[in-house]
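Reader: I should like a close look at a single part of this structure, set in the context of the chain that holds it. Please give one connected account.

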Amino acid sequence: MNASDIGEAVRRLAREVADRARTAGAADSLAIVGIRRGGVHLAARLRAELTRLLGHEPPVGTLDIALYRDDLSARGAAPVVGPTDIRFPVQGTTILLVDDVLYTGRTVRAALDELVDFGRPRRVWLAVLVDRGGRELPIAADFAGATLAVADGQDVQVKLREEGAAEDAVVVTGRKP
Amino acid sequence: MIGRHKHCIALEDFSREELLQVLDLAVSMKEVLRRPIKKVPSLRGKSVVNLFFEASTRTRSSFEIAAKVLSADALNWTSASSSVTKGETLIDTARNLEAMRPDVLVIRHSASGAPRLVAEHVGCSVVSAGDGAHEHPSQGLLDCFTVRERLGTLEGKTLAIVGDVSHSRVARSDLHAFPKLGARVRLCGPPTMMPAGVERMGCTVHHDLRGALEGADAVIMLRIQHERIGDPLIPTTREYSKLWGLNAKKAADWLKPGALVLHPGPINRGVELAPEVADGPFSVILDQVENGVAVRMAILYLLAGGEPAEAKA
(Lines give C-alpha, C1' and ligand atoms only; values in the text may rest on other atoms or scores of the structure.)
Protein backbone atom coordinates (compact mmCIF):
# COMPACT_ATOMS: atom_id res chain seq x y z
CA MET A 1 0.00 0.00 0.00
CA ASN A 2 1.30 3.44 -0.85
CA ALA A 3 0.58 6.81 0.75
CA SER A 4 -2.59 7.50 -1.22
CA ASP A 5 -3.94 3.96 -0.54
CA ILE A 6 -3.38 4.52 3.17
CA GLY A 7 -4.99 7.96 3.09
CA GLU A 8 -8.01 6.54 1.29
CA ALA A 9 -8.21 3.58 3.68
CA VAL A 10 -8.19 5.85 6.75
CA ARG A 11 -10.93 8.08 5.28
CA ARG A 12 -13.04 5.05 4.43
CA LEU A 13 -12.53 3.56 7.91
CA ALA A 14 -13.65 6.86 9.44
CA ARG A 15 -16.79 6.98 7.25
CA GLU A 16 -17.70 3.41 8.19
CA VAL A 17 -17.13 4.10 11.88
CA ALA A 18 -19.20 7.31 11.72
CA ASP A 19 -22.08 5.52 9.93
CA ARG A 20 -22.10 2.68 12.37
CA ALA A 21 -21.83 5.04 15.35
CA ARG A 22 -24.86 7.01 14.13
CA THR A 23 -26.85 3.83 13.54
CA ALA A 24 -25.98 2.54 17.01
CA GLY A 25 -26.72 5.89 18.63
CA ALA A 26 -23.11 6.01 19.80
CA ALA A 27 -21.92 9.12 17.97
CA ASP A 28 -21.81 11.18 21.16
CA SER A 29 -20.26 8.53 23.39
CA LEU A 30 -17.53 7.44 20.97
CA ALA A 31 -13.95 7.42 22.27
CA ILE A 32 -10.82 6.31 20.43
CA VAL A 33 -8.02 4.27 21.97
CA GLY A 34 -4.80 3.55 20.07
CA ILE A 35 -2.70 0.53 20.97
CA ARG A 36 0.96 1.44 21.37
CA ARG A 37 2.91 1.87 19.38
CA GLY A 38 1.51 1.20 15.89
CA GLY A 39 -2.06 2.24 16.68
CA VAL A 40 -1.36 5.61 18.27
CA HIS A 41 -0.83 7.68 15.12
CA LEU A 42 -3.65 5.91 13.28
CA ALA A 43 -5.93 6.73 16.22
CA ALA A 44 -4.99 10.39 15.88
CA ARG A 45 -5.68 10.36 12.13
CA LEU A 46 -9.03 8.63 12.61
CA ARG A 47 -9.91 11.14 15.28
CA ALA A 48 -9.24 14.04 12.92
CA GLU A 49 -11.50 12.46 10.27
CA LEU A 50 -14.20 11.58 12.78
CA THR A 51 -14.17 15.10 14.21
CA ARG A 52 -15.04 16.36 10.73
CA LEU A 53 -17.71 13.69 10.14
CA LEU A 54 -19.38 13.81 13.55
CA GLY A 55 -19.01 17.52 14.19
CA HIS A 56 -17.37 17.05 17.58
CA GLU A 57 -13.99 15.83 18.78
CA PRO A 58 -14.08 12.34 20.34
CA PRO A 59 -11.69 11.81 23.28
CA VAL A 60 -8.56 9.82 22.50
CA GLY A 61 -6.33 7.64 24.68
CA THR A 62 -3.38 5.29 24.47
CA LEU A 63 -2.93 1.74 25.74
CA ASP A 64 0.40 0.01 26.27
CA ILE A 65 -0.24 -3.70 26.60
CA ALA A 66 3.21 -4.81 27.81
CA LEU A 67 1.95 -5.53 31.35
CA TYR A 68 -0.89 -7.66 29.93
CA ARG A 69 1.10 -9.88 27.58
CA ASP A 70 0.57 -13.65 27.71
CA ASP A 71 4.03 -14.59 26.47
CA LEU A 72 6.41 -13.65 29.25
CA SER A 73 8.97 -16.40 29.53
CA ALA A 74 11.52 -16.91 32.25
CA ARG A 75 14.56 -15.82 30.27
CA GLY A 76 15.99 -12.58 29.03
CA ALA A 77 14.75 -9.04 29.31
CA ALA A 78 11.18 -8.09 30.11
CA PRO A 79 9.36 -6.17 27.35
CA VAL A 80 9.62 -2.39 27.46
CA VAL A 81 6.58 -0.81 29.10
CA GLY A 82 5.42 2.48 27.61
CA PRO A 83 2.88 4.91 28.98
CA THR A 84 -0.83 4.14 29.04
CA ASP A 85 -2.87 7.32 29.00
CA ILE A 86 -6.65 7.18 29.35
CA ARG A 87 -8.03 10.39 30.81
CA PHE A 88 -11.71 10.01 30.06
CA PRO A 89 -14.17 7.78 31.91
CA VAL A 90 -14.45 4.49 30.03
CA GLN A 91 -17.73 3.56 31.71
CA GLY A 92 -20.60 3.51 29.21
CA THR A 93 -18.60 4.74 26.19
CA THR A 94 -18.27 3.10 22.81
CA ILE A 95 -14.56 2.49 22.41
CA LEU A 96 -12.95 2.33 19.01
CA LEU A 97 -9.78 0.31 19.58
CA VAL A 98 -7.18 1.05 16.91
CA ASP A 99 -4.10 -0.89 15.84
CA ASP A 100 -2.00 -0.90 12.69
CA VAL A 101 -1.83 -4.64 11.94
CA LEU A 102 -4.11 -7.45 13.12
CA TYR A 103 -2.32 -10.79 13.15
CA THR A 104 -2.59 -13.42 15.92
CA GLY A 105 -5.13 -11.42 17.93
CA ARG A 106 -3.06 -11.67 21.11
CA THR A 107 -2.35 -7.95 21.28
CA VAL A 108 -6.06 -7.22 20.98
CA ARG A 109 -6.84 -9.78 23.69
CA ALA A 110 -4.36 -8.03 25.99
CA ALA A 111 -5.76 -4.61 25.08
CA LEU A 112 -9.32 -5.72 25.88
CA ASP A 113 -8.20 -7.04 29.27
CA GLU A 114 -6.43 -3.78 30.02
CA LEU A 115 -9.29 -1.64 28.79
CA VAL A 116 -11.88 -3.23 31.07
CA ASP A 117 -9.61 -2.50 34.04
CA PHE A 118 -10.42 1.17 33.40
CA GLY A 119 -14.18 0.63 33.48
CA ARG A 120 -16.99 -1.09 31.63
CA PRO A 121 -17.41 0.29 28.12
CA ARG A 122 -20.86 0.04 26.51
CA ARG A 123 -19.18 -1.72 23.57
CA VAL A 124 -15.78 -2.02 21.91
CA TRP A 125 -15.10 -1.93 18.18
CA LEU A 126 -11.79 -2.84 16.59
CA ALA A 127 -10.36 -0.89 13.65
CA VAL A 128 -7.10 -1.89 11.97
CA LEU A 129 -5.30 -0.60 8.92
CA VAL A 130 -4.23 -4.08 7.78
CA ASP A 131 -5.76 -7.46 8.56
CA ARG A 132 -3.08 -9.98 7.59
CA GLY A 133 -4.90 -13.14 8.75
CA GLY A 134 -3.17 -15.78 10.92
CA ARG A 135 -5.45 -15.48 13.96
CA GLU A 136 -4.67 -17.64 17.00
CA LEU A 137 -7.65 -16.39 19.00
CA PRO A 138 -11.34 -15.88 18.13
CA ILE A 139 -10.96 -12.15 17.43
CA ALA A 140 -12.07 -10.21 14.36
CA ALA A 141 -11.81 -6.60 13.21
CA ASP A 142 -15.02 -4.58 12.92
CA PHE A 143 -13.30 -2.24 10.45
CA ALA A 144 -10.26 -3.09 8.31
CA GLY A 145 -8.52 -0.74 5.90
CA ALA A 146 -7.16 -3.63 3.85
CA THR A 147 -7.09 -7.41 4.04
CA LEU A 148 -3.81 -8.92 2.87
CA ALA A 149 -2.91 -12.58 2.49
CA VAL A 150 0.47 -12.70 4.21
CA ALA A 151 2.25 -15.95 5.00
CA ASP A 152 3.49 -16.88 8.45
CA GLY A 153 7.12 -15.85 8.71
CA GLN A 154 6.59 -12.73 6.62
CA ASP A 155 6.44 -9.36 8.30
CA VAL A 156 4.02 -6.50 7.68
CA GLN A 157 5.42 -3.07 8.47
CA VAL A 158 3.31 0.05 8.59
CA LYS A 159 5.51 3.11 8.15
CA LEU A 160 3.92 6.46 8.91
CA ARG A 161 5.18 10.02 8.56
CA GLU A 162 4.50 10.68 12.25
CA GLU A 163 7.19 8.13 13.10
CA GLY A 164 9.73 9.74 10.78
CA ALA A 165 9.02 7.81 7.56
CA ALA A 166 9.55 9.84 4.37
CA GLU A 167 6.09 8.82 3.24
CA ASP A 168 3.32 6.50 4.42
CA ALA A 169 3.66 2.90 3.27
CA VAL A 170 2.71 -0.65 4.15
CA VAL A 171 5.53 -3.03 3.30
CA VAL A 172 5.55 -6.83 3.40
CA THR A 173 9.04 -8.22 4.00
CA GLY A 174 10.45 -11.73 4.10
CA ARG A 175 9.94 -14.54 1.62
CA LYS A 176 6.88 -16.74 1.30
CA PRO A 177 7.76 -20.16 2.67
CA MET B 1 17.17 -8.40 34.18
CA ILE B 2 18.02 -4.80 34.97
CA GLY B 3 20.52 -4.12 32.19
CA ARG B 4 23.04 -6.91 32.76
CA HIS B 5 22.00 -7.60 36.37
CA LYS B 6 20.00 -10.53 37.61
CA HIS B 7 19.96 -9.08 41.14
CA CYS B 8 19.38 -5.65 42.62
CA ILE B 9 21.81 -5.46 45.51
CA ALA B 10 23.77 -2.24 45.22
CA LEU B 11 23.39 0.89 43.08
CA GLU B 12 27.18 0.96 42.99
CA ASP B 13 26.91 -1.86 40.40
CA PHE B 14 24.42 0.02 38.20
CA SER B 15 25.32 2.19 35.23
CA ARG B 16 23.50 5.40 34.37
CA GLU B 17 21.53 3.54 31.67
CA GLU B 18 20.50 0.81 34.11
CA LEU B 19 19.32 3.37 36.66
CA LEU B 20 17.33 5.15 33.94
CA GLN B 21 15.79 1.85 32.82
CA VAL B 22 14.25 1.43 36.28
CA LEU B 23 13.26 5.10 36.67
CA ASP B 24 11.60 5.31 33.25
CA LEU B 25 9.68 2.10 33.81
CA ALA B 26 8.59 3.38 37.23
CA VAL B 27 6.80 6.27 35.47
CA SER B 28 4.54 3.73 33.74
CA MET B 29 4.14 1.80 37.00
CA LYS B 30 3.03 4.94 38.81
CA GLU B 31 0.30 5.38 36.20
CA VAL B 32 -0.91 1.86 37.04
CA LEU B 33 -1.12 2.87 40.73
CA ARG B 34 -3.39 5.78 39.82
CA ARG B 35 -5.90 3.61 37.93
CA PRO B 36 -9.33 2.73 39.32
CA ILE B 37 -8.30 -0.94 39.27
CA LYS B 38 -4.76 -1.06 40.58
CA LYS B 39 -3.80 -4.44 39.25
CA VAL B 40 -2.09 -5.67 36.10
CA PRO B 41 -1.51 -9.36 35.30
CA SER B 42 2.14 -9.18 34.24
CA LEU B 43 3.64 -11.27 37.06
CA ARG B 44 0.74 -13.68 37.43
CA GLY B 45 2.04 -17.01 38.71
CA LYS B 46 5.31 -15.52 39.96
CA SER B 47 6.12 -15.31 43.63
CA VAL B 48 8.08 -12.87 45.70
CA VAL B 49 9.36 -13.79 49.15
CA ASN B 50 10.07 -10.93 51.55
CA LEU B 51 12.77 -12.10 53.92
CA PHE B 52 13.17 -9.51 56.68
CA PHE B 53 15.75 -10.04 59.40
CA GLU B 54 15.30 -6.44 60.57
CA ALA B 55 12.24 -4.43 61.48
CA SER B 56 10.55 -2.54 58.66
CA THR B 57 7.03 -1.45 57.92
CA ARG B 58 7.36 0.90 54.98
CA THR B 59 9.80 -1.06 52.85
CA ARG B 60 8.21 -4.45 53.47
CA SER B 61 4.67 -3.25 52.78
CA SER B 62 5.92 -1.37 49.75
CA PHE B 63 7.48 -4.50 48.23
CA GLU B 64 4.37 -6.46 49.16
CA ILE B 65 2.01 -3.98 47.47
CA ALA B 66 4.32 -3.75 44.45
CA ALA B 67 4.23 -7.55 44.03
CA LYS B 68 0.45 -7.67 44.45
CA VAL B 69 -0.29 -4.86 41.98
CA LEU B 70 1.69 -6.88 39.42
CA SER B 71 -0.35 -10.00 40.38
CA ALA B 72 2.63 -11.85 41.87
CA ASP B 73 2.09 -13.75 45.10
CA ALA B 74 3.89 -12.22 48.05
CA LEU B 75 5.00 -14.15 51.10
CA ASN B 76 6.26 -12.26 54.12
CA TRP B 77 8.78 -13.88 56.35
CA THR B 78 10.12 -12.20 59.44
CA SER B 79 12.97 -13.51 61.51
CA ALA B 80 11.27 -13.03 64.88
CA SER B 81 8.77 -15.82 64.16
CA SER B 82 11.14 -18.13 62.33
CA SER B 83 13.70 -20.88 62.74
CA VAL B 84 16.43 -18.25 62.92
CA THR B 85 15.52 -18.07 66.60
CA LYS B 86 16.36 -21.79 66.67
CA GLY B 87 19.80 -21.13 65.20
CA GLU B 88 19.25 -21.68 61.48
CA THR B 89 21.92 -19.94 59.40
CA LEU B 90 21.15 -17.26 56.80
CA ILE B 91 22.14 -19.49 53.90
CA ASP B 92 20.09 -22.43 55.19
CA THR B 93 17.07 -20.20 55.61
CA ALA B 94 17.47 -18.77 52.12
CA ARG B 95 17.98 -22.22 50.56
CA ASN B 96 14.91 -23.58 52.29
CA LEU B 97 12.81 -20.67 51.10
CA GLU B 98 14.26 -21.13 47.63
CA ALA B 99 13.08 -24.74 47.60
CA MET B 100 9.56 -23.24 47.59
CA ARG B 101 10.47 -21.80 44.16
CA PRO B 102 10.08 -18.07 44.52
CA ASP B 103 11.10 -15.91 41.56
CA VAL B 104 12.48 -13.10 43.69
CA LEU B 105 13.84 -13.02 47.23
CA VAL B 106 13.72 -9.59 48.85
CA ILE B 107 16.12 -9.44 51.78
CA ARG B 108 16.70 -7.01 54.59
CA HIS B 109 19.49 -7.83 57.00
CA SER B 110 21.48 -5.99 59.63
CA ALA B 111 24.76 -7.35 58.24
CA SER B 112 26.27 -5.54 55.26
CA GLY B 113 26.76 -7.98 52.40
CA ALA B 114 24.05 -10.47 53.47
CA PRO B 115 22.02 -10.12 50.22
CA ARG B 116 25.14 -10.65 48.11
CA LEU B 117 26.02 -13.77 50.12
CA VAL B 118 22.51 -15.16 49.65
CA ALA B 119 22.59 -14.34 45.92
CA GLU B 120 25.65 -16.57 45.60
CA HIS B 121 23.76 -19.52 47.09
CA VAL B 122 20.34 -19.35 45.45
CA GLY B 123 19.15 -19.55 41.85
CA CYS B 124 16.44 -16.87 41.94
CA SER B 125 16.86 -13.10 41.75
CA VAL B 126 17.76 -11.30 44.98
CA VAL B 127 16.73 -7.75 45.82
CA SER B 128 18.27 -5.97 48.77
CA ALA B 129 15.81 -4.09 50.95
CA GLY B 130 18.70 -2.67 52.94
CA ASP B 131 21.76 -4.39 54.36
CA GLY B 132 23.57 -3.01 57.40
CA ALA B 133 25.31 0.26 56.63
CA HIS B 134 25.94 -0.82 53.04
CA GLU B 135 23.12 0.08 50.63
CA HIS B 136 19.36 0.43 50.32
CA PRO B 137 19.05 0.40 46.52
CA SER B 138 15.27 0.72 46.18
CA GLN B 139 15.34 3.74 48.51
CA GLY B 140 18.12 5.35 46.45
CA LEU B 141 16.06 4.79 43.29
CA LEU B 142 12.89 6.21 44.80
CA ASP B 143 14.80 9.28 46.00
CA CYS B 144 16.08 9.79 42.44
CA PHE B 145 12.59 9.21 41.04
CA THR B 146 10.99 11.70 43.43
CA VAL B 147 13.49 14.48 42.78
CA ARG B 148 13.50 13.85 39.03
CA GLU B 149 9.70 13.86 38.90
CA ARG B 150 9.47 17.17 40.78
CA LEU B 151 12.36 18.97 39.10
CA GLY B 152 12.03 17.43 35.64
CA THR B 153 15.66 16.32 35.56
CA LEU B 154 18.60 15.57 37.86
CA GLU B 155 21.08 17.00 35.39
CA GLY B 156 22.92 19.93 37.00
CA LYS B 157 20.84 19.81 40.21
CA THR B 158 22.36 20.01 43.68
CA LEU B 159 21.39 17.57 46.40
CA ALA B 160 22.30 17.90 50.09
CA ILE B 161 22.33 14.83 52.35
CA VAL B 162 22.27 15.77 56.03
CA GLY B 163 22.88 13.61 59.08
CA ASP B 164 24.59 10.39 60.08
CA VAL B 165 26.21 9.56 56.76
CA SER B 166 28.54 6.94 58.28
CA HIS B 167 25.76 4.61 59.33
CA SER B 168 23.33 5.37 56.53
CA ARG B 169 22.73 2.85 53.79
CA VAL B 170 20.31 5.34 52.24
CA ALA B 171 23.07 7.93 51.92
CA ARG B 172 25.36 5.36 50.33
CA SER B 173 22.81 4.34 47.69
CA ASP B 174 22.01 7.99 46.99
CA LEU B 175 25.72 8.72 46.64
CA HIS B 176 26.06 5.97 44.06
CA ALA B 177 22.98 7.01 42.08
CA PHE B 178 22.55 10.80 41.98
CA PRO B 179 25.99 11.66 40.51
CA LYS B 180 25.52 9.10 37.70
CA LEU B 181 22.33 10.96 36.78
CA GLY B 182 24.10 14.30 36.64
CA ALA B 183 23.42 15.73 40.11
CA ARG B 184 26.01 17.16 42.49
CA VAL B 185 25.93 15.84 46.04
CA ARG B 186 26.84 17.72 49.23
CA LEU B 187 27.15 15.80 52.47
CA CYS B 188 26.59 17.53 55.79
CA GLY B 189 26.67 16.29 59.36
CA PRO B 190 28.73 16.07 62.53
CA PRO B 191 32.39 15.25 61.76
CA THR B 192 31.98 12.14 63.94
CA MET B 193 29.35 10.87 61.50
CA MET B 194 31.21 11.55 58.26
CA PRO B 195 33.21 8.68 56.79
CA ALA B 196 36.87 9.62 56.23
CA GLY B 197 37.72 10.15 52.58
CA VAL B 198 34.09 10.14 51.42
CA GLU B 199 34.95 13.01 49.02
CA ARG B 200 36.49 10.36 46.78
CA MET B 201 32.94 9.31 45.89
CA GLY B 202 32.57 12.60 44.01
CA CYS B 203 30.78 14.70 46.60
CA THR B 204 31.65 17.68 48.81
CA VAL B 205 31.57 17.65 52.62
CA HIS B 206 30.12 20.50 54.68
CA HIS B 207 30.14 20.92 58.43
CA ASP B 208 27.78 23.86 58.42
CA LEU B 209 24.10 23.23 57.66
CA ARG B 210 23.46 26.67 56.23
CA GLY B 211 26.26 26.34 53.69
CA ALA B 212 25.06 22.86 52.68
CA LEU B 213 21.48 24.04 52.14
CA GLU B 214 22.29 27.25 50.31
CA GLY B 215 21.16 26.95 46.70
CA ALA B 216 20.41 23.21 47.05
CA ASP B 217 17.56 21.93 44.88
CA ALA B 218 16.74 19.07 47.23
CA VAL B 219 17.77 17.99 50.70
CA ILE B 220 17.59 14.50 52.18
CA MET B 221 17.39 14.59 55.98
CA LEU B 222 18.68 11.28 57.30
CA ARG B 223 17.08 9.59 60.25
CA ILE B 224 19.12 9.77 63.41
CA GLN B 225 19.24 6.33 64.99
CA HIS B 226 18.44 6.33 68.69
CA GLU B 227 21.19 3.90 69.53
CA ARG B 228 23.73 6.50 68.39
CA ILE B 229 22.54 9.02 70.94
CA GLY B 230 24.58 9.22 74.11
CA ASP B 231 27.18 7.40 72.13
CA PRO B 232 30.31 9.64 71.84
CA LEU B 233 29.12 10.41 68.28
CA ILE B 234 26.46 12.84 69.49
CA PRO B 235 25.84 13.83 73.09
CA THR B 236 22.12 14.70 73.10
CA THR B 237 19.18 14.88 70.72
CA ARG B 238 18.77 18.55 71.65
CA GLU B 239 22.25 19.41 70.55
CA TYR B 240 21.87 17.39 67.36
CA SER B 241 18.61 19.07 66.56
CA LYS B 242 20.06 22.52 67.17
CA LEU B 243 23.07 22.02 64.92
CA TRP B 244 21.85 19.61 62.24
CA GLY B 245 18.09 19.49 62.46
CA LEU B 246 15.83 21.32 60.00
CA ASN B 247 13.13 23.47 61.59
CA ALA B 248 10.66 25.87 60.02
CA LYS B 249 12.85 28.95 60.52
CA LYS B 250 15.97 27.38 59.01
CA ALA B 251 13.90 26.02 56.12
CA ALA B 252 12.36 29.43 55.43
CA ASP B 253 15.66 31.33 55.76
CA TRP B 254 18.10 28.94 54.14
CA LEU B 255 16.26 26.84 51.57
CA LYS B 256 15.72 28.31 48.14
CA PRO B 257 12.10 28.61 46.96
CA GLY B 258 10.85 25.36 45.45
CA ALA B 259 13.54 23.25 47.14
CA LEU B 260 12.45 19.73 48.11
CA VAL B 261 12.81 18.11 51.53
CA LEU B 262 13.05 14.32 51.58
CA HIS B 263 13.30 11.85 54.45
CA PRO B 264 13.54 8.06 54.19
CA GLY B 265 11.35 7.57 57.28
CA PRO B 266 10.55 6.85 60.00
CA ILE B 267 10.96 10.48 61.08
CA ASN B 268 12.13 11.45 64.53
CA ARG B 269 9.88 14.48 64.68
CA GLY B 270 11.62 17.38 66.35
CA VAL B 271 15.07 15.80 66.11
CA GLU B 272 16.33 15.79 62.51
CA LEU B 273 13.13 17.27 61.13
CA ALA B 274 10.56 19.60 62.74
CA PRO B 275 6.92 18.61 62.21
CA GLU B 276 6.19 21.93 60.45
CA VAL B 277 8.82 21.05 57.83
CA ALA B 278 7.89 17.37 57.52
CA ASP B 279 4.27 18.38 56.84
CA GLY B 280 5.06 21.69 55.14
CA PRO B 281 5.28 22.93 51.58
CA PHE B 282 8.89 21.84 50.98
CA SER B 283 8.17 18.25 51.97
CA VAL B 284 7.84 15.46 49.38
CA ILE B 285 7.99 12.71 51.99
CA LEU B 286 4.61 11.20 51.13
CA ASP B 287 5.46 11.33 47.42
CA GLN B 288 8.48 9.23 48.31
CA VAL B 289 6.25 6.56 49.82
CA GLU B 290 3.98 6.40 46.76
CA ASN B 291 6.95 6.49 44.38
CA GLY B 292 8.57 3.71 46.39
CA VAL B 293 5.82 1.33 45.32
CA ALA B 294 6.23 2.33 41.65
CA VAL B 295 10.02 1.90 41.78
CA ARG B 296 9.72 -1.50 43.46
CA MET B 297 7.16 -2.59 40.85
CA ALA B 298 9.71 -1.67 38.19
CA ILE B 299 12.45 -3.67 39.94
CA LEU B 300 10.26 -6.75 40.39
CA TYR B 301 8.94 -6.55 36.84
CA LEU B 302 12.41 -6.33 35.33
CA LEU B 303 13.77 -9.19 37.43
CA ALA B 304 10.80 -11.58 37.32
CA GLY B 305 9.21 -10.69 33.95
CA GLY B 306 10.82 -12.56 31.11
CA GLU B 307 11.34 -11.87 27.45
CA PRO B 308 8.47 -12.50 25.06
CA ALA B 309 8.54 -16.02 23.62
CA GLU B 310 7.63 -14.56 20.24
CA ALA B 311 7.25 -11.10 18.88
CA LYS B 312 4.11 -11.41 16.79
CA ALA B 313 1.37 -8.78 16.79
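Author: Among contacts in chain B between residues at least 6 apart in sequence, those joining residues at least 24 apart make up 74%. This description, like all that follows, refers to a predicted model. Chain B contains eleven helices and nine strands, and buried residues account for 48% of its 313 residues. Its C-alpha atoms fill a box of roughly 55 × 50 × 35 Å along the principal axes. The radius of gyration of chain B is 19 Å, which agrees with the value near 20 Å for a compact globule of 313 residues.

The part chosen for the close look is R108(B), which is found in strand β3 of chain B, residues 104-109. Is R108(B) buried or exposed? R108(B) counts as buried because 26 other C-beta atoms lie within 10 Å, where the threshold for a buried residue is 20 or more. Leaving aside residues up to four places away in sequence, R108(B) touches F52(B), F53(B), E54(B), S56(B) and T59(B), and also A129(B) and G130(B). A further point of reference is R60(B): this residue is 48 residues from R108(B) along the chain, and their C-alpha atoms are separated by 8.9 Å.

The strand that holds R108(B) belongs to an open sheet of four strands in chain B, ordered β2-β1-β3-β4, with parallel pairing. The edges of this sheet are β2 (73-78) and β4 (125-131) of chain B, each of which pairs on one side only. From one strand to the next, the twist averages 15 degrees. Strand β1 of chain B, residues 47-52, is joined to β2(B) by six bridges, and the two run parallel. Within this part of the sheet, V48(B) stands opposite A74(B) in β2(B). In a regular strand, side chains alternate between the two faces of the sheet.

A helix accompanies this sheet. α11(B) lies across β1, β3 and β4 of chain B, and runs at about 155 degrees to β4(B).

The largest nonpolar core comes next. This core has 148 residues, of which A127(A), V22(B), L105(B), A298(B) and L300(B) touch the most other members. The greatest contribution to this core comes from helix α11 of chain B (residues 285-304), with twelve residues. At least three residues of the core come from each of domain 1 (11-135 + 291-304) and domain 2 (137-289) of chain B. One of the named members, V22(B), touches I2(B), L141(B), V295(B), A298(B), I299(B) and L302(B), not counting residues up to four places away in sequence. In soluble globular proteins, nonpolar side chains tend to be buried together.

The domain assignment of chain B divides it into domain 1 (11-135 + 291-304) and domain 2 (137-289). The C-alpha centres of these two domains of chain B lie 25 Å apart. Where they meet, 21 residues of domain 1 are in contact with 22 residues of domain 2. On the side of domain 1 that touches domain 2, α1 (16-33), β4 and α11 of chain B each supply at least two residues.

Chain A also has a place in this picture, with A127(A) named among the residues of the largest nonpolar core that touch the most other members. Chain A has three helices and seven strands, which follow the pattern α-β-α-β-β-α-β-β-β-β along the sequence. Strand β4 of chain A, residues 123-131, is mostly covered, with seven of its nine residues buried. Eight bridges join β3 of chain A, residues 94-102, to β4(A), and these strands run parallel. In this pairing, L97(A) stands opposite L126(A) in β4(A).

For chain A as a whole, 42% of the 177 residues count as buried. Its C-alpha atoms fill a box of roughly 45 × 40 × 30 Å along the principal axes. The radius of gyration of chain A is 16 Å, which agrees with the value near 16 Å for a compact globule of 177 residues. Of the contacts in chain A with a separation of 6 or more, 66% are between residues 24 or more positions apart.

To return to the starting point, R108(B) is a buried residue in strand β3 of chain B, and this strand stands between β1 and β4 in the order of the open sheet.

How values were computed. Residues numbered from 1 in each chain as written. Chains lettered and ligands numbered in written order. Predicted model: local features only at pLDDT ≥ 70, side-chain atom pairs only at ≥ 80, totals over all residues. Buried ≥ 20, exposed ≤ 12 C-beta atoms within 10 Å, placed from the backbone. Contact = placed C-beta atoms within 7 Å. Rg over C-alpha atoms; globule rule 2.2 N^0.38 Å. Core = buried A, V, L, I, M, F, W, Y, C linked by C-beta atoms within 7 Å. Domains from an automatic or database assignment. Pairing = 2+ DSSP bridges. Axes fitted to C-alpha atoms, helices over the stretch in contact; angles between N-to-C directions.
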